[in-house]
Amino acid sequence: MVSTKKILKSLFVLLHLTVLVGPATACVSRRCLANEIIEKNLYSPPQPPECAISVNLTSIQYQTLSVNTKVLRFSSRLKISMEWKDPDLAWTDPQYKFKELILPSEKIWTPNLTVDNAIYTVVKPVSKDILVRSDGTVNYAVAMYITVVCGINLFTYPFVTDSCPVAINGWNQSSCGLNLQYGSIRSVGGNRGEWKTLAVTLQGKKRNYLQVTLSINPFNAMVSLVLPSALIMVVDLVSFALPLDGGERNPFKIKLVFSFTMFLMLLCKQLPDSGTCSPLLYYHYCFCLIVLVLSVLTSMVMTRLAKNGHIWPGQPQKLHGSSNSDTQEDDVCQKKAIDLSGGITSSAKPATKEASIQSISSFLENMDKEAREKKRRQNYANFWDRICFWTYLIVDIIYSLSIIGITRAQFCKINNLEF
């Protein structure tokens, strides 16, 4: 009987408190709905009947960060805004008066984008929050930092304009995966060093990809590589004006070869060592170096020819009409000429005077012969030197015209769509 009274009393107290407090108020704020959705643990992707999730890349903002000409790589930044539908994130309860909601990006599933032909990829969310609409539409943005290996055609370097693909893709397996749809694409920050981004377009039929068109500013390479080589070749031609017997031409030409070698080392540091389309500038430098070395050797040969009358090493100098006896006779004549210059004594015999005069005359004749022989050798060497000059000039002109014609033709093509 006592226990029954206690139970009735407890029920009366609870009823009284319920009347005083009133019914619990329902939570209809954005945060309450967000917490409710988070508690669902929607970490897996949506599972539509066709098993393919359509992701609309509403906008792509492309920016070239750097281009490494030596290893043929370029780094880029892509800001991609995307949207997709997840039915499990939708709400239709009329007590929620709002149409949009903000959720943490790490609490729900988000698409994982990759670049098929990239060797380095880092994906970071632009913001830690995601915008969700009442119909289940999700808006999300990521920033992708990628490095792509691209076989840029450097055959006509430094006049280069070529395209490289950036193949954005998502996970796909059989009929399941991401179905990417592309929206607007634009490029920002086109100039990066000597490389410039001309255009970014969407290409492909069965497999879409971004086609990035790059162009190089030729000014730096022209000033540091092409112009010095051309000027050195011109100076080498002008150096034929230096005399052969002055001893100045050969050292000057050797200095030109050393200077050219320095620019060749600079070329090797800037351009790749090898590849499908090696730069034509490599062949140009090889040709110029060969011509410069041949020019030095030719100048040495012409100098020896002008001095000794022959080009064979180890052969003594030959003079027409000269012998050892002539040399001894010249010494005697020199001594007698000195005696005569001091005056002839009165006791000298007439025969002695005549012999002295004949010796002096023979000495002068030998000197005249030597001068004529020297002049003949110089004229002969100068004749061949002029032939070498005109030969080099004609070869340089033909080579220059050939280079212009080669650069205007397409001798090399690279397939960057192997992915």
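Here are some short exercises with worked solutions on a predicted model of one protein chain.

**Exercise 1. Getting an overview**

Describe the protein chain by its secondary structure, its buried share, its contacts and its accessible surface.

*Solution.* Start with the secondary structure: the chain has seven helices and 14 strands. Next, look at burial: of its 419 residues, 34% are buried. Then turn to contacts between residues at least 6 apart in sequence, where 73% join residues at least 24 apart. Finally, the accessible surface comes to about 25700 Å², and carbon and sulfur atoms account for 60% of that.

**Exercise 2. Following the strands around β7**

Work out which strands pair with β7, and in which sense.

*Solution.* Let's begin one strand away from β7. Strand β1 (residues 52-68) runs antiparallel to strand β2 (residues 73-85), and 11 bridges join them. One of the bridge pairs is N68 with R73. The two strands form a hairpin with four residues between them, and L72 in that turn has a positive phi of about 55°.

Now step from β2 to β7 (residues 137-149): these two are antiparallel as well, with 13 bridges. Two pairs to find on screen are I80 with V142 and S81 with A141.

Strand β5 (residues 118-125) is also antiparallel to β7, through seven bridges; here Y120 partners T147. Strand β6 (residues 129-133) pairs with β7 in the antiparallel sense over two bridges, and L131 is matched with N139. The hairpin of β6 and β7 has three residues between the strands, and G136 takes a positive phi near 95° there.

As a last step, check the cover of β7: 10 of its 13 residues are buried, so the strand counts as mostly covered.

**Exercise 3. Placing G151**

Decide whether G151 is buried or exposed, and find which residues it touches beyond its sequence neighbours.

*Solution.* First locate the residue: G151 sits in the loop between β7 and β8. Its relative accessible area is 19%, and because buried means under 20%, G151 is buried. Set aside the neighbours within four places in sequence, and the contacts of G151 are L72, D162, I414 and N416. L72 is the residue with positive phi in the turn of the β1 and β2 hairpin. For a distance across the sequence, take K413: G151 and K413 are 262 residues apart in sequence, yet their C-alpha atoms are 9.5 Å apart in space.

**Exercise 4. Comparing two pockets**

Set out the volume and lining of the largest pocket and of the second largest pocket.

*Solution.* Take the largest pocket first; its volume is about 550 Å³. Of its 22 lining residues, V226, H284, Y399, S400 and I403 are the closest to the centre. Helices α3 (219-238), α5 (280-308) and α7 (350-407) each supply at least two lining residues, with α3 giving the most, seven. Sorted by class, this lining has 16 nonpolar, five polar and one charged residues.

The second largest pocket has a volume of about 360 Å³. It is lined by 21 residues, and N153, T161, D162, C412 and I414 lie nearest its centre. Strand β8 (residues 161-166) provides the largest share of this lining, five residues. The classes here are nine nonpolar, 10 polar and two charged.

To link back to the previous exercise, note that D162 and I414 are also among the contacts of G151.

Notes
Residues numbered from 1 in each chain as written. Predicted model: local features only at pLDDT ≥ 70, side-chain atom pairs only at ≥ 80, totals over all residues. Heavy atoms only, no water. Pairing = 2+ DSSP bridges. 1 Å grid on protein atoms, 1.4 Å probe; cavity = no way out; pocket = protein on both sides within 12 Å on 5 of 7 lines; lining within 4 Å. Points joined across faces, edges and corners; volume = space filled by probe spheres on them. Nonpolar A, V, L, I, M, F, W, Y, C, P; charged D, E, K, R; others polar. Buried < 20%, exposed > 50% of the residue type's maximum accessible area, 1.4 Å probe, protein only. Contact = heavy atoms within 4.5 Å. Areas by Shrake-Rupley, 256 points an atom, 1.4 Å probe, with all protein chains shown as cover.
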